[in-house]
Amino acid sequence: LLNVIVRAMTAEMVTSEWIQTDATGLPILDGSQKKTKSGHLFVFANPKHVVYHATASKHGAHVAAFLKGFKGILLADGGSEFNEAVRILRLYRAACWAHARRYFFDALLESPTLANEALDLIGRLFDIEREIKDADLETRRRRRDTDTRAALHAIHEWMRRHVHGARPRSAIGRALQYALHQWDALTLCADHPEIPIHNNTCELRLRQGVTGRKNYLFAGSEGGAASAATLYSIVASCKLHGLDPWVYLNDVLSRINETPVNRVIELSPAYVAQAR
């Protein structure tokens with residue numbers, strides 16, 4: 001029953017301007033009941049919905065199949081599965097500044113001076129985002145086009161000055177190379193004020209699956225993994241909109257059999273929250 005709602009959420013999500021995504025491992029029993037195979041749990045989110053998708057492998061073809069029909073911007077890290085999906089669907093990919101910043105945090109012990117300089121420069125990007133968090137789109141466009149571009153230019157100039165002097169295998173060298181390699185995707189936010197500059201929403205929602213995995217260790221089957229993804233989708237979407245999942249489920253499960261198929265989306269947490 002709940003999967004009907006999640007399918008409607010997915011169908012609406014792929015018509016949006018942007019989607020962010022992340023993934024984690026989810027071991028799945030291979031059928032022998034003696035060992036597991038490597039599965040994956042993907043999470044996709046936009047301002048209205050959070051949808052999880054369990055797959056038997058990490059291949060980008062799974063991501064592309066799930067996002068079939070999507071024509072917007074995919075906000076994701078530089079994982080091969082996301083790059084493959086971007087290529088298959090011919091999407092633009094925006095990169096995550098939180099991922100890029102984390103590399104410089106990791107370099108603090110080894111190269112404190114350079115790492116702190118980078119973190120200060122990147123911090124300006126996040127300061128701007130906090131200032132425009134609740135602003136209208138036109139204000140966001142103006143600030144992104146001026147202040148964000150200026151901050152990006154300062155970061156890029158600093159990285160170009162220091163990349164050749166850093167050992168490639170050092171922590172600071174890896175941080176610089178990662179950011180410069182992702183630069184086009186990291187700067188896409190300047191042209192698209194509607195998208196976030198980071199993937200933190202998905203990372204936060206992915207903790208839900210990671211916490212569950214610590215308790216149950218693995219999915220008993222591919223069907224079990226799919227059921228978990230459906231339940232995670234409902235609960236995470238409830239949390240996104242400030243709904244109590246238990247109250248939501250009691251309400252929606254009592255109404256779903258009487259709801260026409262073309263109105264199932266109205267039972268999703270986003271619409272239930274809006275109706276209240």
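This passage describes aromatic pairs, a helix packing contact and several individual residues in a predicted model.

Aromatic side chains make a good place to start. Seven aromatic pairs are present in the structure. In one of them, the ring centres of Y52 and Y232 lie 5.4 Å apart with the planes at 50°, so this pair is classed as tilted. The two tyrosines come from distant parts of the chain, 180 residues apart: Y52 belongs to strand β5 (residues 50–55), whereas Y232 belongs to helix α10 (residues 222–240). Both Y52 and Y232 are buried.

A second pair is formed by two tryptophans. The rings of W97 and W183 have centres 5.8 Å apart, and their planes stand at 90°, so the arrangement is edge-to-face. W97 is found in helix α4 (residues 97–106) and W183 in helix α8 (residues 183–186), so the pair ties together parts of the chain that are 86 residues apart in sequence. With a relative accessibility of 0%, W97 counts as buried. W183 counts as buried too, at 11% relative accessibility, because the cut-off for burial is under 20%.

Two further aromatic features deserve a mention. One aromatic cluster is formed by F42, F44, F66 and F82. Elsewhere, the ring of F126 has the charged end of R101 sitting over it, 3.9 Å from the ring centre.

Helix α10, which contributes Y232 to the tilted pair, also takes part in a helix–helix contact. Its partner is helix α11 (residues 245–253), and the two pack at an angle of about 115° with their axes 9 Å apart. The crossing of α10 and α11 is right-handed. On the α10 side the contact is made by I234, V235 and C238, and on the α11 side by P245, Y248 and L249. By class, this contact has six nonpolar residues, with no polar and no charged ones.

Two residues in other helices can be placed in their surroundings. H156 lies in helix α6 (residues 137–162). Its relative accessible area is 22%, so H156 is partly exposed, the cut-off for burial being under 20%. Not counting residues up to four places away in sequence, H156 touches L180 and W183, the latter being the α8 member of the edge-to-face pair. From H156 to L204, a separation of 48 residues in sequence, the C-alpha to C-alpha distance is 28 Å.

A118, in turn, is located in helix α5 (residues 112–131). This alanine is buried, with a relative accessible area of 2%. Leaving aside neighbours within four places in sequence, A118 is in contact with F104 and W158. The C-alpha atoms of A118 and T36 are 42 Å apart, and these residues are separated by 82 positions along the chain.

Finally, backbone geometry draws attention to two loop residues. Most residues other than glycine have a negative phi. R90, however, has a positive phi, near 60°. The loop holding R90 runs between α3 (80–89) and β7 (92–94), and R90 counts as exposed at 79% relative accessibility. L217 likewise has a positive phi, near 70°. The place of L217 is the loop between α9 (200–216) and α10, and at 54% relative accessibility L217 counts as exposed, because the cut-off is over 50%.

Definitions and conventions:
Residues numbered from 1 in each chain as written. Predicted model: local features only at pLDDT ≥ 70, side-chain atom pairs only at ≥ 80, totals over all residues. Heavy atoms only, no water. Phe/Tyr/Trp six-rings, centres within 6.5 Å; stacked < 30°, edge-to-face > 60°. Helix = DSSP H or I, 4+ residues; strand = E, 2+ residues; numbered from the N terminus. Buried < 20%, exposed > 50% of the residue type's maximum accessible area, 1.4 Å probe, protein only. Lys NZ or Arg CZ within 6 Å of the ring centre and 35° of its normal. Axes fitted to C-alpha atoms, helices over the stretch in contact; angles between N-to-C directions. Left-handed = near helix turned anticlockwise from the far one by under 90°. Contact = heavy atoms within 4.5 Å. Nonpolar A, V, L, I, M, F, W, Y, C, P; charged D, E, K, R; others polar.
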